[in-house]
Amino acid sequence: MSKALVIVESPAKAKTLARLLGDEYRVEASVGHVRDLPENASEVPAEIKDKPWGRMGVDVDNGFRPYYVISRDKAGRIRDLRAAVKDAPEVLLATDPDREGESISWHLREVLKPKVPVRRIEFHEITLEAVRKAIAEARDIDLQLVDAQESRRIVDRLYGYMVSPVLWKKVQTGLSAGRVQSVAVRLIVEREEARRAFRTSAYWNLEAHLSTADASFMATLARAGSARLATGRDFDPTTGALKDTRLRLLDERAATELRDTLREGLPWAVTSVEERPATQAPSAPFTTSTLQQEANRKLGFSADRTMNAAQRLFQEGIISYHRTDSTTLSERALGEAAGAIRSLYGADYYGGQRHYRTKVKNAQEAHEAIRPTDFGQTPNGLRQHAGRDEGRLYDLIWKRAVASQMADARLLRTSLEITAEGPDGPCVFTASGKAVEFAGFLRAYVEGSDDPAAELGDQETVLPKLNVGDVVSSDGSLVLAALDAKGHETSPPARYTDASLVKRLEEDGIGRPSTYASIISTIERRGYVWRQGKALVPTFTAYAVTHLLKEHFAALVELGFTGQIEENLDEIAKGERERDQFLATFYNGDGGRRWPGLRPLVENESHIEYPSISLGQHPDTGAPVVVRIGKFGPYVQIGRGDDAMNASVPDGTPPADFTLESAIELAESRAKGPPSLGEDPASGLPVYLMTGRYGPYVQLGETPEKGSKEKPRRASLVRDDSEASLTLQRALDLLSLPRLIGRDPETGEEIAANFGRFGPYVKRGDEFRSLASDAAVFEVTLDEAIELLRQEKRSRRAATKKVLRDLGVHPASGMAVQLIEGRYGPYVTDGTTNASLPKDMSADVITLEAAVDLLGAREGARKSPRTPKPAPRRPGGARRATTRRPAARKRQA
């Protein structure tokens, strides 16, 4: 007997469904989209190649009809699916329960053309109960959802294919523009501009360290006389000046003098004690956006890494569908959560059913929140994923979902005021504390924060029991242990991380949370951002592109633009707006009322000038100092024409940190030429110390003219070398490499020592062995080299690894975390992932918690691309082109 055919997108999902449904159904996977708009010239159908719009694959002159093609890499899969359809009495399309999934189902029907009944089934979790229910409620394909998804695809194709060529002409080839990605880049660039405009302000205050017989705590000076002391929030970030001149600003001298006066003025007195009960409610279960944010904060995962792990959990039937805006839970889920809470924590921790509603713009409430499919499967029970991304992510999902149904936490907040007599009147110190009287949901889950200072301040701090009138003295029941004058500096706005960027995009209704992971991945791959730990740092290319788009295509990168597009797509999905009318307005404009139209905007691109980033003027000559984007990356230019001075900007330079002074120093240093260390006695040629894109190096002789085939001898400086103290002899030693140690007495092969990408080594033929130190390159003997080459080859890291300190056990994986002295500086490792210490972090004080954060950030980060490159193209040409005609499709429905 033939079986009904169920088609899903992924092999993993197909495997899980086949296990659930048994022999009653045949389950096959389409392996993603089966057809799409042409991705390259070879895929453009012959009949439209000569059309002005042919490369886009969208007929903008006739109802925006898309031309879909099946790429060669999908031809075999389509052939197999067609064969499966022939043997089936019925086809059930079980793609994901969203617009994209609906569109894939429609494409499958159009390509496979089954002659048997075709129905659409939709489930939000891969459990037998949910799948059986979906089969029983099978329906027709929702063409309104298909229209909405197709409209999104066409809008994004028109935007990318019409605006990106402008960037190729005016900035750099290989760049791309996108409806959501360009706005995301704008946000990151504007945050960097705010950091650049920021002016640091300094202020001082006093910290009193107090103790009783049972506890110690700290109080901070808040008022001196009649004036409140200035703190960081009281300064204008762009000028560094106080916003309110009535505040009292202490400098180091004033703070020190006040400290000495107050220390001599004991006793002080407790003048206010306030206790107030408070409750803290749990957060809603995860949506796509909040899952990405929390996984970045707590696990260091990028948005892309989070979604990949969630996809695998969904396909294995462990969690509900992970692309959702909803914070609601089904009645069954609410009941299971209640049972888990009572079983694991006790009846007191269950506070009754909680129902949440999302507060973000353009939310779609059709799905459930992200939750376990079985609340009885605790994170400890997920043994197959222990220590892996899936296990760590499931731990967050399970705990957050359970905590969302638990009782409120009951807190007691305490605030104290302690007053001392100062030279200008009473000086008031304040302290605050928080005690947890009933943990409630905090037993299961504590939410992370984008602000480490706020997160630290929200931790439990218990103050001792004090009363008004209690005396602070040097030897009583409440003792002043120390009084310190502390200097502080204001901090610039924090750069966006995956978490804070996703939060901002969602709050402003920019795009859909399900697309944020791919958006961040795209802007990183295109060279618009690079990662510094968790922070997303814009490149100068991002600056140039953003400035160009804001000046000449302002409507396309307005924060409200993509939100309006999403609202229009929602209306199409609900049948409240016509697809063709929406696309015509987007492309041609609305007649000058609000939206100028994509085509008119792009047609006026001829007047756009090559963008540059102004840093200011040279203080001596008045010449403009700008950063431009060249073929090989950003460079600084001072002046214009033949007299201009140019110099490449070193890789990894954050734009906010590249000041006018550093730009002038870089360009003038290059104009002066490299410093000479002296002459090589053997050749008489000068030896220069130079700096390139990849760091300092020495060069023997002059740099040849462009086009010359002759290359001067060069050698990079190694870790132990300092530019300031480099000698001529050391430079000659480096230039003499590779050092011939001798010949192998058995084979006659040369054995040499040198520095390589991974450190010092000896080489014989194609065999390499790492040396223990840089000095060994010049000191290793022939016998020592031969003995080293006889030994079994070790990994490069193991060969030179020096453990500085054991930091402890990784709380998630259980692996040992160590601090290692590496060739390029100290780094932390858990045996599988390495993470370098930031320049501002001392190896002497790093903690296990800081190491775990670094490792998490490193796992989620990719290397910054040195030169932006085009996105990889799909292989092969077009096998078949089809034109979508709306009227015909609706008749089929």
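# Exercises on a predicted model

Pro 267 is found in the loop that lies between α7 (252-264) and β10 (268-280). The coordinates behind this and every exercise below belong to a predicted model.

## Exercise 1: Two peptide bonds before proline

Task: determine which residue is joined to Pro 267 by a cis peptide bond, then treat Pro 738 in the same manner and state which loop holds Pro 738.

Solution. Start with omega at the first site: the value is about 5° for the bond between Leu 266 and Pro 267, and this bond is cis. Next, take the second site, where Leu 737 and Pro 738 are joined by a cis peptide bond, again with omega of about 5°. Finally, place the second proline in the chain: Pro 738 sits in the loop between α20 (728-735) and β25 (739-743). For background, most peptide bonds are trans.

## Exercise 2: Positive phi outside glycine

Task: for Val 31, find the value of phi and decide whether the residue is buried, partly exposed or exposed; then do this for Phe 64, giving its phi and its burial class.

Solution. Begin with the backbone of Val 31, a residue that is not a glycine and yet has a positive phi of about 60°. Its location is the loop between β2 (25-29) and β3 (58-59). The relative accessibility of Val 31 is 42%, so this residue counts as partly exposed, given that the class covers values between the 20% limit for buried and the 50% limit for exposed.

Turn then to Phe 64, whose phi is near 55°, which is also a positive value in a residue other than glycine. Phe 64 belongs to the loop between β3 and β4 (65-71). Its relative accessible area is 4%, and Phe 64 is therefore buried.

## Exercise 3: The surroundings of Thr 288

Task: locate Thr 288 in the secondary structure, decide whether Thr 288 is buried or exposed, and list which residues Thr 288 touches beyond its sequence neighbours.

Solution. The first step is to assign the element: Thr 288 is part of helix α8, which covers residues 288-299. The second step is accessibility, and because the relative accessible area of Thr 288 is 1%, this residue is buried. The third step leaves out residues up to four places away in sequence; the remaining partners of Thr 288 are Met 307, His 322, Arg 323, Thr 324, Ile 370, Pro 513 and Ser 514.

## Exercise 4: β26, β27 and β28

Task: work out how β27 pairs with β26 and with β28, and find which residue takes a positive phi in the hairpin of β27 and β28.

Solution. Consider first the pairing of β26 (residues 750-756) with β27, which is antiparallel and rests on six bridges. The two strands form a hairpin with two residues in the connection, and Gly 756 has Gly 759 of β27 as its bridge partner. Consider next the pairing of β27 with β28 (residues 767-770), antiparallel as well and made by four bridges; here Val 762 stands opposite Arg 769. In this hairpin, where two residues lie between the strands, Gly 765 has a positive phi near 60°. As a last check on β27 (residues 759-764), five of its six residues are buried, and the strand is mostly covered.

## Exercise 5: Two senses of pairing at β14

Task: state in which sense β14 pairs with β7 and in which sense β14 pairs with β13.

Solution. On examining β7 (residues 202-211) and β14 (residues 478-489), one finds an antiparallel arrangement with 10 bridges, in which Glu 207 stands opposite Asp 484. On examining β13 (residues 471-473) and β14, one finds parallel pairing over two bridges, with Ser 473 opposite Val 479.

## Exercise 6: A four-stranded sheet

Task: give the order of the strands in the open sheet that contains β17, and identify which strands form its edges.

Solution. The open sheet consists of four strands in the order β17-β18-β19-β20, and the pairing is antiparallel. Pairing on one side only marks the edge strands, which are β17 (613-617) and β20 (645-648). From one strand to the next, the twist averages 25°. At the β20 end, strand β19 (residues 633-638) is joined to β20 by four bridges, and Ile 638 has Met 645 as its bridge partner.

How values were computed: Residues numbered from 1 in each chain as written. Predicted model: local features only at pLDDT ≥ 70, side-chain atom pairs only at ≥ 80, totals over all residues. Heavy atoms only, no water. Pairing = 2+ DSSP bridges. Axes fitted to C-alpha atoms, helices over the stretch in contact; angles between N-to-C directions. Buried < 20%, exposed > 50% of the residue type's maximum accessible area, 1.4 Å probe, protein only. Contact = heavy atoms within 4.5 Å.
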